[in-house]
Amino acid sequence: MNSSAIVDLEAIGTDEESDYEADFSDPSKVGPVESSEFVSTDQTWSAKGESKQDDLKGEITKGVASYVWQEGQQRARQAFSLYANIDVLRPYYDVEPRNVRDRLLESLIPKIQNSPTKIPRELYGPTMMVLTLIALLLFQMKSYKVSVQEGTLMGSAFVTCFGYWFGVSGFLWVAAFVCNTRIAIIQLLNLLGYALFGHCVVICLTVVIHPNHSHLFFYIMWLVFGGLSSLRMASLLMSRTSGKTQKMVISAIVICFHLFFLFYLHFAYHHVVEDLSHAFAAAQPLSFERSHDQEINVVHKTQEEIDIVSEAALNMVTKASKRALRRGFASFEAGKQHEIAKSFQQ
């Protein structure tokens, strides 16, 4: 055999050892595994887990905040579109002037019908009647030369007229529900608002041509125009009511409210407003007098306290001065006696 093909195994064994024959128990031959590597890997994994949790919390917080913000914006837009959109009120004020004129004239013509009469859902004419009644009440107060406090006249007229319109309409809606009358609140507002046309006519005529010595002219106008508008409302409500008793009840309620309100506007309204104005005017000086009296009492108290403090300070000063004078005289006498004693010794 060729000698070049022979491998010297002994030389190999002396230089290197086989992996299978290596002694793993010897730490010099096998590299030691440090525990710091495991600690570092655990710390990195824990740091990664905490960072992932923080990222997840941040994403959840951002998602909740964005959802709340979007919901708030949507609700605000809905509220703004509901209250600021003029299309909501457009159907109630979209009316032709000739229709308003016809409905004003029809408010003084009572109709007795067995079938339900159609009542429009319109508020332009009633609103104008309420504002006209306010203007006539102001004109009536000026013609009667009623002296009231500034701001009382306009505010009382607005509260009286709009309060009657909304308040009596709500009460009639409850009475209609009890009496099984098929009518909506918008229809009642329309009906009562147009019925105020008779009140406007009566107040205007009584202010312009009202005799000073008698109220007979007012009673005639009250029965004619107030009675016609009341009968008109009663007839429309009776046509939508089932049952004779319910018809009598709802018609009596409407007629009483409508006629007595006109009676109140003519006889008692200006007296009530004048009394309220005088009450408000009397309350303000009373409060001023009370505050002025309180200020005077405070001034007197402070003056008394100042007098007491000044007397105490004066007493302290006089006592201190007397003591100082006594000590001065005593020291002066002692000095004189000492000089006399020295002169005798010499």
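Which residues does glutamine 140 touch, not counting residues up to four places away in sequence? They are Ile203, Val207, Leu265 and His266. Keep in mind that this is a predicted model. The chain has 10 helices and zero strands, and two of the partners of glutamine 140, Ile203 and Leu265, turn up again among the best-connected members of the largest nonpolar core.

**Overall layout**

- Read from start to end, the pattern is simply α-α-α-α-α-α-α-α-α-α.
- The chain runs to 346 residues, and 25% of them count as buried.
- Take the contacts with a separation of 6 or more: 81% of them are between residues 24 or more positions apart.

**The core**

- The largest nonpolar core has 52 residues, and the ones that touch the most other members are Leu133, Leu196, Ile203, Leu237 and Leu265.
- Six helices each put in at least two residues: helix 4 (97–106), helix 5 (124–143), helix 6 (152–178), helix 7 (185–208), helix 8 and helix 9 (244–267).
- Helix 7 gives the largest share of this core, with 14 residues.
- For a closer look, pick isoleucine 203: leaving out residues up to four places away in sequence, its contacts are Leu133, Leu136, Leu137, Gln140, Leu262 and Leu265.

**Glutamine 140**

- This glutamine sits in helix 5.
- Its relative accessibility is 1%, under the 20% cut-off, so glutamine 140 counts as buried.
- The contact with isoleucine 203 shows up from both ends: Gln140 is in the list for isoleucine 203, and Ile203 is in the list for glutamine 140.

**Helix 8**

- Helix 8 covers residues 216–239, which makes 24 residues.
- From first C-alpha to last, helix 8 reaches 34 Å, close to the 34 Å expected at 1.5 Å a residue.
- There's still a bend in helix 8, of about 30 degrees, at glycine 227.

**Salt bridges**

- How many salt bridges does the structure hold? The count is two.
- One of them joins the side chains of arginine 101 and aspartate 102, at 3.4 Å from N to O.
- Aspartate 102 has 31% relative accessibility, so this residue counts as partly exposed.
- The other pairs glutamate 122 with arginine 103, where the closest N and O atoms are 2.6 Å apart.
- That pair links distant parts of the chain, 19 residues apart: arginine 103 belongs to helix 4, while glutamate 122 lies in the loop between helix 4 and helix 5.
- Is glutamate 122 buried or exposed? It counts as buried, because its relative accessibility is 4%.
- Arginine 103 comes out at 24% relative accessibility and therefore counts as partly exposed.

**Aromatic rings**

- The tally is 14 aromatic pairs.
- In one of these, phenylalanine 218 and tyrosine 219 have ring centres 5.8 Å apart and planes at 55 degrees, so the pair is tilted.
- An angle over 60 degrees would be needed to call a pair edge-to-face, and one under 30 to call it stacked.
- The two partners differ in burial class: phenylalanine 218 is buried at 1% relative accessibility, whereas tyrosine 219 is partly exposed at 34%.
- Both rings belong to a cluster linked by ring pairs, made up of Phe218, Tyr219, Trp222, Phe263 and Phe267.

Terms used:
Residues are numbered from 1 along each chain as its sequence is written. This is a predicted model: local features need pLDDT of at least 70, side-chain atom pairs count only at pLDDT 80 or more; totals for chains, interfaces and linings use all residues. Side-chain values use heavy atoms; hydrogens and water are left out. Helices (H or I, at least four residues) and strands (E, at least two) are DSSP runs, numbered from the N terminus. The expected span of a helix is 1.5 Å times one less than its number of residues. The bend at a residue is the angle between axes fitted to the seven residues ending there and the seven starting there. A nonpolar core is a set of buried Ala, Val, Leu, Ile, Met, Phe, Trp, Tyr and Cys residues joined through side-chain atoms within 4.5 Å. Buried means under 20% relative accessible area, exposed over 50%, partly exposed in between (1.4 Å probe, protein chains only). Contact means heavy atoms within 4.5 Å. A salt bridge is a side-chain nitrogen of Lys or Arg within 4 Å of a carboxyl oxygen of Asp or Glu. Rings of Phe, Tyr and Trp (its six-membered ring) pair if their centres lie within 6.5 Å; planes under 30 degrees apart count as stacked, over 60 as edge-to-face and the rest as tilted.
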